[in-house]
Amino acid sequence: MIEQQLALYLVMGSQNCKHDPVETLEKAIQGGVTFFQFREKGLGSKIGKEKIELGIRLKEVCHQYDVPFIVNDDLELVNELDADGLHIGQKDGDMKKMKDSLKSYQMLGVSTHNLDEALEAKNLGADYIGVGPMFNTLTKDDIEEVNGPIVIEEIREQLPNVPLVGIGGIKHHNASQVIEAGANGVAVISDITQAESVKEATERLVGKVIRL
Ligand SMILES: Cc1ncc(COP(=O)(O)OP(=O)(O)O)c(N)n1
Ligand SMILES: Cc1nc(C(=O)O)sc1CCOP(=O)(O)O
Ligand SMILES: [Mg+2]
């Protein structure tokens, strides 16, 4: 189930959006987004009450369309919003403690950059694994070295059943490389959130990630 849901994973905060964020999410879901992460982080992002209010509205849109609503980094916000899960990176705290703090219905996603990190994440109970950066990106300034879809291939060989998504610099013209390497899906920010037409940009990506 989660393998199919990960097909087109939108990661987003208001700071990423060319248009209104709630409208962006709704158009993206109508275009084919299947999984969502609220990543309100970095320059221009909302904090405090405004961040919570935006999270509530984005979760409502997700649930209207049966799309899981995941929160980036912040366990407190996961609880506050009763999110469907938490996504953490290698530097976001004790993975085991985070997993144990979640409710049984909440998923844990973990960012990794190589096979060793993926094996550890799987052993600590990650429900899915993000692997990046696939390609160069300007969206996140503290990315690790770009090693590309080959890392997905290496992880898939050792972990044939783990739900995997690639992230970082993924656009409609390179998304199929990530899927062909063995990912269940792609996680995208700017190719969707910066598009003039969010729905059309999403539909272009869908064509590249759906296995026929
Ligand atoms: C699906 C997915 N994969 C990777 C990341 C990156 O997480 P992290 O390394 O913790 O960096 P921040 O996103 O917190 O800046 C992600 N968010 N989502
Ligand atoms: C949030 C994030 N994590 C990455 C990682 O490598 O773990 S790269 C990234 C930014 C992805 O944005 P875009 O789709 O605009 O390139
Ligand atoms: Mg993080």
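This passage walks through the fold, the core, the ligand shells and a few single residues of the structure above.

The model is predicted, so its local features need pLDDT of at least 70 and side-chain atom pairs count only at pLDDT 80 or more, while totals for chains, interfaces and linings use all residues. Residues are numbered from 1 along each chain as its sequence is written, and chains are lettered from A and ligands numbered from 1 in the order in which they are written.

The centrepiece is a closed barrel of eight strands, in the order E1-E2-E3-E4-E5-E6-E7-E8, with parallel pairing. Neighbouring strands of this sheet are turned against each other by 25° on average, ignoring direction. Here helices (H or I, at least four residues) and strands (E, at least two) are DSSP runs, numbered from the N terminus; two strands pair if DSSP finds at least two bridges between them. Axes are lines fitted to C-alpha atoms, for helices over the stretch in contact, and angles run from 0 to 180 degrees between N-to-C directions. As a general point, strands of a sheet pair through backbone hydrogen bonds, either parallel or antiparallel.

Going strand by strand through part of the barrel, E4 and E5 pair in the parallel sense over four bridges, and Ile88 has Val110 in E5 as its bridge partner. E5 is joined to E6 by four bridges, again in parallel, with Thr112 matched to Val131 in E6. From E6 (residues 128–131), three bridges lead on to E7, which also runs parallel. Val131 turns up here as well, standing opposite Gly166 in E7. On top of this pair, helix H7 (residues 150–158) lies across E6 and E7 and runs at about 165° to E7.

How well covered are these strands? A residue is called buried if 20 or more other C-beta atoms lie within 10 Å of its own, exposed if 12 or fewer, and partly exposed in between, with C-beta atoms placed from the backbone. By that count, six of the six residues of E5 are buried, so E5 is largely enclosed by the rest of the structure. Both of its faces are covered, with Met107, Gly109 and Ser111 buried on one side and Leu108, Val110 and Thr112 on the other. E6 is likewise covered on both faces: Tyr128 and Gly130 are buried on one side, Ile129 and Val131 on the other.

In soluble globular proteins, nonpolar side chains tend to be buried together. The largest nonpolar core in this model has 56 residues, and Tyr9, Leu10, Phe36, Val165 and Val186 have the most contacts inside it. Such a core is a set of buried Ala, Val, Leu, Ile, Met, Phe, Trp, Tyr and Cys residues joined through C-beta atoms within 7 Å. E1 supplies the largest share of this core, five residues. Val186 is in contact (C-beta atoms, placed from the backbone, within 7 Å) with Leu8, Tyr9, Val165, Gly166, Ile170, Ala175, Val178 and Val209, leaving aside neighbours within four places in sequence.

Two ligands come with the model. A residue counts as near a ligand if its C-beta atom, placed from the backbone, lies within 6 Å of it. Ligand 1 has 19 residues around it, of which Gly89, Ser111, Gly130, Ile167 and Ala187 come nearest. Strands E1 (8–12), E4 (85–88), E5 (107–112) and E7 (164–167) each give two or more residues to this shell. It divides into six nonpolar, eight polar and five charged residues, where Ala, Val, Leu, Ile, Met, Phe, Trp, Tyr, Cys and Pro count as nonpolar, Asp, Glu, Lys and Arg as charged, and the others, Gly among them, as polar. Ligand 2 is surrounded by 16 residues, the closest being Gly132, Thr137, Thr139, Gly168 and Ser190. Its shell splits into seven nonpolar, seven polar and two charged.

Some backbone details also stand apart. Most residues other than glycine have a negative phi, and most peptide bonds are trans. Gly132 and Pro133 are joined by a cis peptide bond, with omega about -5°, and Pro133 is in the loop between E6 and H7. Asp73 has a positive phi near 70° and lies in the loop between strand E3 (69–72) and helix H4 (75–81). Asp82 also has a positive phi, near 45°, and is found in the loop between H4 and E4. Asp73 is partly exposed because it has 19 C-beta neighbours inside 10 Å; Asp82 is exposed, with 12.

Terms used
Two residues are in contact if their C-beta atoms, placed from the backbone, lie within 7 Å.
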